[in-house]
Amino acid sequence: MLVPSRRRLRFEVWIVLGQSAVYSVVQLLDKMTRAPLAEGTSTLNRSQSTREYFDLTYQLLDILFALVPVLLVLYFLTDHRQAASGEGGNTGSAFHKLGFNFARPGRDLLQGLGLAALIGVPSLGLYAAGRALGITTAIIPSALDAYWWTVPVLILSAMRHAVVEEVIVVGYLMNRFGKFGWSIPLSILASSLLRGTYHLYQGFGPFIGNVVMGIVFAWLYTRTRRVMPLVIAHALLDIVAFVGFSLFGKAVGLG
């Protein structure tokens with residue numbers, strides 16, 4: 001079986017990572033050169049049309065197309081020769097390699113709930129501290145109009161973010177960094193810094209918070225080789241933020 005060269009793997013990684021980190025840095029610089037970060041805002045789910053069903057269409061298309069890099073990752077990580085021959089059961093499957101399946105739903109759910117609780121409460125404190133220090137923008141989790149489909153779309157959006165970040169930034173990159181010969185601590189650090197960079201447009205507080213989250217998540221992945229608990233935890237955190245803000249933000253003076 002042919003083994004991809006490191007040069008080819010590096011090229012593959014650049015294809016997968018795409019534009020998110022670059023755009024995040026540029027958006028941060030744009031906000032910093034306009035006004036102090038404390039006066040800036042970051043809107044995570046915004047309306048894209050004043051016409052209800054066109055807005056719904058745009059939202060669903062955004063979610064769908066955002067998952068394309070995940071499909072690329074699953075393709076790159078699948079052992080196609082092994083899968084075609086049927087040798088070794090499902091060990092050639094990317095879903096099996098990443099632990100992105102329902103092989104142990106109960107344990108994955110419990111770990112996901114525990115991670116969400118571990119990360120969620122400190123994140124609120126870090127956000128408040130960042131706002132007080134003037135290094136974090138005001139984050140608006142949802143600016144969608146109130147339609148019948150708003151909550152389902154926000155849930156799908158949260159799941160999209162969870163799948164994209166955990167499958168790519170943790171599962172895929174930890175695999176590829178290992179192929180590069182990197183040590184586990186270096187791989188965890190690189191994965192975590194990239195995760196933080198994805199959120200730089202929100203300010204330096206979210207960058208720090210996501211780096212810490214990334215270290216915890218990547219470390220757990222090295223112990224379990226499963227991204228499913230990470231996806232569950234991330235999805236729960238975003239669902240609470242997106243849906244909670246959409247439903248109760250104005251009532252508590254946040255909307």
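**Figure 1. Arginine 34 and its partner in helix H2.** Let us start with arginine 34, which is exposed, with a relative accessible area of 66%. In this predicted model, the side chain of arginine 34 forms a salt bridge with aspartate 30, and the closest N and O atoms are 2.8 Å apart. Aspartate 30 is partly exposed, at a relative accessible area of 35%. Both residues belong to helix H2 (residues 20-34), and because they are 4 residues apart there, about one helical turn separates them. Helix H2 is also the place of serine 24, but serine 24 is buried, with a relative accessible area of 1%. From serine 24 to alanine 35, 11 residues along the chain, the C-alpha atoms are separated by 17 Å.

**Figure 2. A buried salt bridge between helices H8 and H9.** The structure holds 6 salt bridges, and this view turns to the one between glutamate 166 and arginine 195. Their closest N and O atoms lie 2.8 Å apart. Glutamate 166 is in helix H8 (residues 150-179) and arginine 195 is in helix H9 (residues 184-198), so the pair ties together parts that are 29 residues apart in sequence. Are these two partners buried or exposed? Glutamate 166 is buried, with a relative accessible area of 0%, and arginine 195 also counts as buried, at 0% relative accessibility.

**Figure 3. A network of three charged residues.** Here Arg104, Asp108 and Arg226 are joined into one network by salt bridges that share partners. One of the links is the salt bridge in which the side chains of arginine 104 and aspartate 108 meet, at 2.7 Å from N to O. Both arginine 104 and aspartate 108 are buried. As general background, side chains of opposite charge can pair when their charged atoms come close.

**Figure 4. The nonpolar surface patch.** Which residues make up the nonpolar patch on the surface? They are Phe11, Ile15, Phe54, Tyr58, Leu61, Leu64, Phe65, Val68 and Leu72, and together they form a patch of about 850 Å². At least two residues of the patch come from each of helix H1 (6-17), helix H3 (52-66) and helix H4 (68-77). Helix H3 gives the largest share, with 5 residues. Phenylalanine 11 lies in helix H1 and counts as exposed, because its relative accessibility is 56% and the cut-off for exposed is over 50%.

**Figure 5. Two other residues at the start of the chain.** Valine 16 is also found in helix H1, but valine 16 counts as buried, at 4% relative accessibility. Although valine 16 and valine 70 are 54 residues apart along the chain, their C-alpha atoms are separated by 8.1 Å. Serine 5 offers another pair to look at, and its place is in the segment before H1. Serine 5 counts as partly exposed, with a relative accessibility of 40%. How far apart are serine 5 and tyrosine 58 in space? They are 53 residues apart in sequence, and their C-alpha atoms are 39 Å apart.

**Figure 6. Aromatic rings and a charge over phenylalanine 180.** The count of aromatic pairs comes to 6. Phe177, Phe180 and Trp182 are linked into a cluster by ring pairs. Within this view you can also find arginine 10, whose charged end sits over the ring of phenylalanine 180, at 5.2 Å from the ring centre.

**Figure 7. A positive phi at arginine 225.** Where along the chain is arginine 225? Arginine 225 lies in the loop between helix H10 (204-224) and helix H11 (228-248). Phi of arginine 225 is near 55 degrees, a positive value in a residue other than glycine. For comparison, most residues other than glycine have a negative phi. Arginine 225 counts as partly exposed, at 42% relative accessibility.

**Figure 8. Confidence along the chain.** This last view is a friendly reminder to check how confident the predictor is in each part. The protein chain averages a pLDDT of 90, and 91% of the residues score at least 70. Which helices hold the lowest and the highest confidence? Confidence is lowest in helix H5 (residues 80-85), at a mean of 60, and highest in H3, at 97. Helix H3 is also the helix that supplies the largest share of the nonpolar patch in Figure 4.

Notes
Residues numbered from 1 in each chain as written. Predicted model: local features only at pLDDT ≥ 70, side-chain atom pairs only at ≥ 80, totals over all residues. Heavy atoms only, no water. Patch = residues over 30% accessible without salt bridge, like charges linked within 9 Å, V, L, I, M, F, W, Y side chains within 5 Å. Areas by Shrake-Rupley, 256 points an atom, 1.4 Å probe, with all protein chains shown as cover. Salt bridge = Lys/Arg side-chain N within 4 Å of Asp/Glu carboxyl O. Buried < 20%, exposed > 50% of the residue type's maximum accessible area, 1.4 Å probe, protein only. pLDDT = per-residue confidence, 0-100. Phe/Tyr/Trp six-rings, centres within 6.5 Å; stacked < 30°, edge-to-face > 60°. Lys NZ or Arg CZ within 6 Å of the ring centre and 35° of its normal.
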